[in-house]
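Let's take a quick tour of a protein model. Have a look at it first, then read on.

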Amino acid sequence: MTSPIGTAETHELVLPAMANHHGTLFAGEGLQLMAKAAFLAARSRAQCEVVMAGVSRIEFIAPIPVGHRLTLRAWVSRVGRSSMTVCVNGLADQPGIAPEEVLKGVFELVAVDAAGRPVAIECSYRNQEMTP
């Protein structure tokens with residue numbers, strides 16, 4: 001299954017190696033997973049390589065225990081000349097338990113050429129989905 005251009009959806013099982021001493025997803029691991037989802041959405045939209053320029057906001061809404069599935073949904077909400085804003089939303093669930101929003105964040109990425117210099121992204125637009 002492919003995601004629409006400018007979006008990405010990833011799934012991760014929270015394993016013990018990803019957990020902190022409380023048995024829940026370590027925040028650094030969560031941030032890394034969110035950054036990966038943002039990267040995939042941005043690269044899909046830019047149709048070239050991208051680099052992370054910044055993180056505007058990250059919210060860890062609820063702990064994610066080991067054994068839960070984490071679904072991350074990312075979408076490009078703004079495209080500028082070479083930069084993009086990507087929103088990421090995370091839902092955690094377990095069999096028989098409804099998904100719960102646990103993470104959200106806003107990332108800034110820039111399209112780059114092979115030398116790492118910013119390049120223009122074809123056609124600016126704004127995704128009408130609300131930012132987290």
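Here is a short briefing on the core and on two loop residues.

This is a predicted model, where local features need pLDDT of at least 70 and side-chain atom pairs count only at pLDDT 80 or more, while totals for chains, interfaces and linings use all residues. Residues are numbered from 1 along each chain as its sequence is written, and side-chain values use heavy atoms, with hydrogens and water left out.

**The core**
- The largest nonpolar core (buried Ala, Val, Leu, Ile, Met, Phe, Trp, Tyr and Cys residues joined through side-chain atoms within 4.5 Å) has 29 residues, and Ile64, Leu70, Leu72, Met84, Val86 and Val88 touch the most other members.
- Helix H1 (27-46), E3, strand E4 (83-94) and strand E5 (97-111) each give this core at least two residues, with the largest share, 7 residues, coming from H1.
- Helices (H or I, at least four residues) and strands (E, at least two) are DSSP runs, numbered from the N terminus.
- Buried means under 20% relative accessible area, exposed over 50%, and partly exposed in between (1.4 Å probe, protein chains only).
- Skipping neighbours within four places in sequence, Leu70 has contacts (heavy atoms within 4.5 Å) that include Thr10, Leu33 and Val102.

**Glycine 67**
- You'll find glycine 67 in the loop between strand E2 (50-60) and strand E3 (69-79), and it's partly exposed at 34%.
- Glycine 67 sits 55 residues from glutamate 12 in sequence, with 9.9 Å between their C-alpha atoms.

**Glutamine 47**
- Glutamine 47 is in the loop between H1 and E2 and is exposed, at 61% relative accessibility.
- Its phi is near 60°, a positive value in a residue other than glycine.
- Most residues other than glycine have a negative phi.
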